[in-house]
Structures are given as C-alpha cells and as structure tokens.
Amino acid sequence: MEKNIKKAAVLGAGVMGATIAAHLANVSIPSIMLDIVPNKLSPEEEKKGLSLKDAAVRNRFAATGKQNLLRARPAALAVPEFASMIEVGNFADHLSRLAEVDWIIEVVIENLQIKQDLFKKVAAVRRPGTIVSSNTSGIPIADICKGMDLEFREHFLGTHFFNPPRYMKLLEIIPIPETLPEVVKFIAYFGERVLGKGIVYAKDTPNFIANRIGIFGMLNLMRIMVEEGYTIEEVDAITGQAMGRPKSAAFGTTDLVGLDTFAHVAKNLYENAANDEMREVFKVPDFVKKMIENNWLGNKTGQGFYKRIKSEAGKEKLVLDYKTMEYRPAQKVKLPSLDAVKAAVGAANKAKALIYAEDRAGQLAWKITRDSLLYTAGRIPEIADDIYNIDNAAKWGFNYEAGPFESWDAIGVEESVERMRKEGKVIPPLVEKLLAQKKKSFYLKKNGELFFFDLKTEDYKKVEEKPEVILLPSLKERNKLVKSNAGASLIDMGDGVACLEFHTYMNAIGQEIIEMILESLKIVEKDFLGMVIGNHAQNYSVGANLLMLVGEIVKSNWAGIEAAIKAFQDATMAMKYFEKPIVAAPHGMALGGGCEVCLASHRIRAALETYMGQVEIGVGLLPGAGGNKEVYLRCIEGIPDGVTPDLLPFLRKAFENIAMAKVATSAEEARKLGFLRSTDKITANVDHLLYDAKQTVLAMVKEGFRPPRPRLIPVAGDGGRAAIKYMANTMRQGGFISEYDEFIAGKLAYILTGGDVLSGALVTEQRMLDIEREAFLSLCGEKKTQDRISHMLKTNKPLRN
C-alpha cells in the first residue's frame, strides 16, 4: 500500500483512548495522546505548589491515562517499556502537533457537539491527506463530520475498536458516502495486517453491527428472564460455555463491561433506532436502572449482578436477586440439558442438545436464540450487506464460538424455521429466499472453499480468500495431507514448505506427537525445503501429557518413562541440528514441552498474544526435553568467543526463569525473558501467523540456511551451584518458596551448572541432557511431585506443598 502510518494521535485519554494508544505502541506505532486542560488543581497539585499554568497540571488527564496503562489488568501494554512510545499533551497547547501524524483517532466523550467542536479545531491544523476517524460506539459518523470540507470528509470514517483493544479482535470500519475507497481499503489493511484486527464493514446505522445485535440479545434475555422467573445464575449457566459463549456468560460479561456503559448504548439505540420493529426491547429494565442509581455498575465498583465478599469460609460469590434487590449466595445450577451438552460430540450436536431440550435450560436457550436469529436476519441489508460480516462481528466482538448464521446452520435452518412458524413468528425475507430455493444452510463448503448465501444475488457467494490466511483444515480438504497419526499431521503448505500440526487435547505432547516430529523430519529432508510447526488450536501446546505420565508412575514403569523422556530429547535435538529450516509458530499458551519445541526450532515466529514459559516446577518437575539447556544457552549466547566472563549473572537469569516458572504475558515479554531471540519476529494477527512463518522458512532458504554447529557449553560448576542453592535457601527462609521447591531448585542448579564439574568447565549438550533426564526421572518417584501432578489434573491449579 502507498500510504503508511508512522505516527498517530489519540484524542481523549480515558480508558478507551489510552488503551488504543497502548495497542498502537504494541505494534511499534508511536503516538501523541491529548486531552482537555483541567479547570482546577487537584489536592496533590496544591500541595506541590503548582498552578493551572504548569505543564504537569495542564497535561494531567493525558498523563494519568498513560500512568493507568501500567496498572491495567489485563495488561494493555505488551511490556511496560512500550509506554515510552506514548507522548502526552492537551488540546489547548499541543493540537498543532497533529500536523506530525498520519492518523488521528478521536476517542472523547460520547457527545455530538463536543466531537464536532473538536474536529473543527483538528481541521485547522491537520495536514491534507491525514486520515481522521472516530471511535464512537453509536453516534452517526456522518453527523460527527457534518459541516467539514470535502477533503476532510474524504479522509474521515468510523473505526470502532472493542474494549480492551489489545485483546478484542473486532474493528468495525464505518465509511461515510464521501470517504475515499482507498482510505477504507488502507485502514482495513492496516487494521488487519499491523494492528492484528478482524475487519468488519458496517453501515452508518445506530450502534453499527456488534452492539446492535448484542444489546438486543441482552435486553431481550432480561425481558424473558423476568417474565418467566429465571434467576441470574440460571441464566448464566445456560448462556455461557453451553451455548458456545465466554465462561463469564451474559450477566458476568455485563459486569465486566459495566452497567453504565451497557445502559448508555441501549439508550442510544432506543433514541436513534426509531423505525426498529423491536425498539421497545431497548428500554432498560427498572431493576437495572435501580442498580445504576445504587452505583452497582459491575466489576469497576465491586458489585453488579455479582458481588464477591470475604467470609469465614473464604471468598464467597453472591448474586443479585433482582426481585428483592438484595444479594444472596449463588446457587449451583443443575439442569439435565446442560449435562447433555457436555456429553454431546461436535458443535452442531451440542447446540441441538440444548436448543431442542424441553427442560428450563432448553426453553430459555430456544427463546433467546430464536429471537436473536430472527432479529439479526431482519437487519440485512440495514446494518451490513451480508451475513459473513455479521457473523464475524459477533465472534470477534463478543468471543462467541459461532456467529448467528453459523449457529442457525448448526441447529438446522429448516427444522428451526418450522418451529418458529408454528409459534407464529414472522420469517425475514433473507431466510424465506434461502428456503424458497431449496437451500438448507447459510454456508456451504466445497473443495476446501467456503461460500455464504448472499441476499443480493440470492445465491451462494465465495468468501474471499486471502493469501495471508492459511487454513490447515482447508488444505486437508484439498488433499494436501502428507502424513498423520492420532497426535499430529504433516501438511503441504505449498511452495515447498510443510506444516507439522499438533491436534491432541490442549495439544499435550505424548508419544504420537514425538513420533510425528521424527517422521516429519524424514519426509521434509527428502521432499520439502523446510517446515513450520503450528496449528489453529486455542493454545499452541500446554506441555507434556501429564495424564499419560501419571499412568506410568502408577505402574512404576520407570524404564518406560525414561525411554519417553529420551525420545522427546532426541526429537528436539534432531530438530535443532536438522539441515533444513524449522520455524515454530506459537500462539496462546506455549508451556513446558510446547516451549521446548519452540526453543529447539531454528527460528520462532510468535503471535503477539503468546504466553511462553517453562512451568514444570508447578507440578514438581523440571523441563525434560532440553528446556533447561536451551534456556541457559539463550542467556549466554551473546558472550563473544574468547571471552571468559562471570557466568553467575547469566546462570541466575536462567535459574529464575525456570525455578519461578516465569510465563511471558506477551511475545514481547518472551523476548525480554530470553525465550525469543532478536532474530525472532512477532505477528499481531494470529490469522496471519502460519503465512508469516512460512515466509520466514522461505527467506531462510534463500539466505542459504545452515543449522547451528555443536559447541561445548561453559558452565559455572560447583561454585555456581553453591551460589544458586544459597539463593534458593534464602527464598525459602523468606517464605517465598516451600521446602520442596528448594529441593527441586537444587536439582535444577545441578543441571544448569553441568553437574559435578569445576567452575568454568566446558560440557557437551548430551551431558546436560543426561543430567536433566536423571533429575526428571528422580522427581517422578517423589510422593510430593505425584501429589502436585494429581492436584493439577483435578483443579488445573498448582499445589505448593
């Protein structure tokens, strides 16, 4: 693209403005963040003797917004250091600096007059050609720029981020009639490729796409709940994971968003959607109004639909009784159809098990699903031109597993519409036209390609394929599967690059995956230029298969456990010295063995949201597939040849990473911790990760890749080990670790210092692997390790015994 954004301006330093600036920093885009000038001093400023003329006072709101980023949870910044890319200022003194930027994003209060007044000032200082956008969640975009000149309007559009911007994938783009097509195209490209967003094209209608259908769904749910006497915890048990939605469910999610924000969006819809046939649904219920009066706004005020208190039994979760407006202990919900959903296999079967059930859960699920599907189908082409944009808006804006029309396909269009007709419901034209043509679904898959039913053509339309999005299931459907077993598959990605995909539960690494790693190396050596190791699962790999390990421990099959560890070590060593490039493409959690697979690869292409670490100590173990060695090697590899440094600081960093089970909360932090090298790159959009990893392989081939040569490893020996053990003892004395943690730390120190050798000794990689394997095996025999593993499998939480 000809355009480029080297610097941006964010107008408004509230939660949304500051977190947008943070995400720009996450992808290396510096910004200047401006806000209003305070009209009076704060008590702290008075104590310091400051006046309203001081820069610290005049920039206070923007500076506070930036400071709040460092405390935000979940973290808005990939690493705290990125805050330095955000400059702060105010509208009165620094608006002229907008001439420096390529994109101006307005995120001030949701007041039309305030926005219009601000943009008049912006127009006076902005360079011609600079893109300007509003992050409004509902004010008409055309109204905001009303009265501006044509050149301004040609570069103006809506860019609606969802909160928090770092984590929420959706970016709604809302052009006005005058917006230049190239501006829309560029912002879509930049949003997807650089910011990592999923782009949805919305029309300039009240609350655009996601909030229009989302707010309808929530308010309609509240109406049905009150009319039919469901409790809040009943509703959340039904509308969470059982319906393919986030665990926080309907009311838990509203507590997260904030009731004031929720009510504001609903009010905007009621006032502006005058011709909506369901307009009356957008009236906020009286009990919600009362909650807002009481300042029960959700998590931000400590109570909303839920409230957590400390009691004699520990932390207790209370739930609001909306009839009495009093809190009471939350009751456990037990309904037959919820158990049926857990037992059902496949998304479609799970959906049908709930929607068509006859118990209370099934009845509620049917009614809210029916009403939402009919409402959403009736909004085409009002809010969007096609179902594909609407489905993506729901999935990316609310983290639903499926969008409305994908869900409709899952429960059966014909079957559900027949029931709707019997209940006297009016079927929208889109659905009538689909069924009139004897079509049975909104989506169709054919030869690895996806099609959706298009209202304009009244036929299936192919979803645009993007070369940057490589879908492994689609490649399999096109007969690109090379070899497969129960744990993993090798797939031809094209251009001479193969992809090794893990597909066990949570991508836990067991015998099948290890076998496929070794088998893939043989195939790639003969038939391919290089290999990517990646997948589309929620997490890259959570580590070794603990359930399998427990089974072997119960049988006291120590020889079998040692053989399995040795096989995994052999696999990672074979990867490390493989003659063709291997690129790991982690995303989500890459823990334990998943981290070791990455460390053994020649290059890492990580998603920004990669959470990487060696966490084995949490289950009483240590890395067993070369992780200890590789973490240490990454700490010392910057030492020039011929230099004999003090190894203790390097040893300490490796020890802390493993002994404290440090997990990077972003790929950028993984680089700080040493899991990623300077040559490893980061991709903001996880959908582009496999493509970028493939391009990395091809670039390495073009550069004439050669594998690393084996080298002797300098270790700190007995002197370094004594220092590390002393550090661990001090931590135990201070109550930071348990006595058993100290015991494990001693074994870790033995591995990292090369065993029984003198300080400064040179050891082979195999020696460190042998010591590592011995330590892993010995820990498997410890009762406290076995207790930790069992506790983790039962609770998914570490036990510090």
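This briefing covers strands 16 to 18, the residue I513, a three-stranded sheet, helix 32, the nonpolar cores and the cysteines. The model is predicted. Strand 17 (residues 497-502) has 6 of its 6 residues buried, and helix 32 (residues 739-752) is also mostly covered, with 10 of its 14 residues buried. The structure holds 0 disulfides.

**Strand 17 and its partners**

- On strand 17, V497, C499 and E501 point one way, while A498, L500 and F502 point the other way. Residues on both sides are buried.
- Strand 16 (residues 488-494) pairs with strand 17 in the antiparallel sense, over 6 bridges.
- Within that pairing, F502 of strand 17 has A488 opposite.
- The two strands make a hairpin with 2 residues between them. In its turn, D495 has a positive phi of about 60°.
- Strand 18 (residues 530-533) runs parallel to strand 17, and 4 bridges join them.
- V532 in strand 18 is the residue opposite C499.

**I513 and its surroundings**

- I513 belongs to helix 23, which covers residues 511-527.
- I513 counts as buried because its relative accessible area is 0%, under the 20% cut-off.
- Leaving aside neighbours within four places in sequence, I513 is in contact with G487, A488, F502, T504, N507 and A508. Two of these contacts, A488 and F502, are the residues that stand opposite each other in the pairing of strand 16 with strand 17.
- A571 is 58 residues from I513 in sequence, and their C-alpha atoms are 10.0 Å apart in space.

**The sheet of strands 12, 13 and 14**

- Three strands form an open sheet in the order 12-13-14, with antiparallel pairing.
- Strand 12 (443-446) and strand 14 (459-462) are the edge strands, each pairing on one side only.
- From one strand to the next, the twist averages 35°.
- Strand 13 (residues 449-454) is joined to strand 14 by 4 bridges, and the two run antiparallel.
- Y460 in strand 14 has F453 opposite.

**Helix 32**

- Helix 32 has 14 residues and spans 20 Å from first C-alpha to last. That is close to the 20 Å expected at 1.5 Å a residue.
- The buried residues of helix 32 are Y740, D741, E742, I744, A745, G746, L748, A749, I751 and L752.
- These buried residues pack against helix 27 (627-636), helix 28 (648-659), helix 31 (717-733), helix 33 (765-780) and helix 34 (783-795).
- G754, just after helix 32, takes a positive phi of about 85°.

**Nonpolar cores**

- The largest nonpolar core has 127 residues, and W103 and Y632 touch the most other members.
- A second, separate core has 110 residues, including V122, C145, L269 and M291.

**Cysteines**

- C145 has a relative accessible area of 0% and is therefore buried.
- C499 is likewise buried, with a relative accessible area of 0%.
- C499 is in no disulfide. The nearest cysteine sulfur to that of C499 belongs to C598 and is 13 Å away, whereas a disulfide needs the two sulfur atoms within 2.5 Å.

Note on methods:
Residues are numbered from 1 along each chain as its sequence is written. This is a predicted model: local features need pLDDT of at least 70, side-chain atom pairs count only at pLDDT 80 or more; totals for chains, interfaces and linings use all residues. Side-chain values use heavy atoms; hydrogens and water are left out. The expected span of a helix is 1.5 Å times one less than its number of residues. Buried means under 20% relative accessible area, exposed over 50%, partly exposed in between (1.4 Å probe, protein chains only). Contact means heavy atoms within 4.5 Å. A nonpolar core is a set of buried Ala, Val, Leu, Ile, Met, Phe, Trp, Tyr and Cys residues joined through side-chain atoms within 4.5 Å. Two strands pair if DSSP finds at least two bridges between them. Axes are lines fitted to C-alpha atoms, for helices over the stretch in contact, and angles run from 0 to 180 degrees between N-to-C directions.
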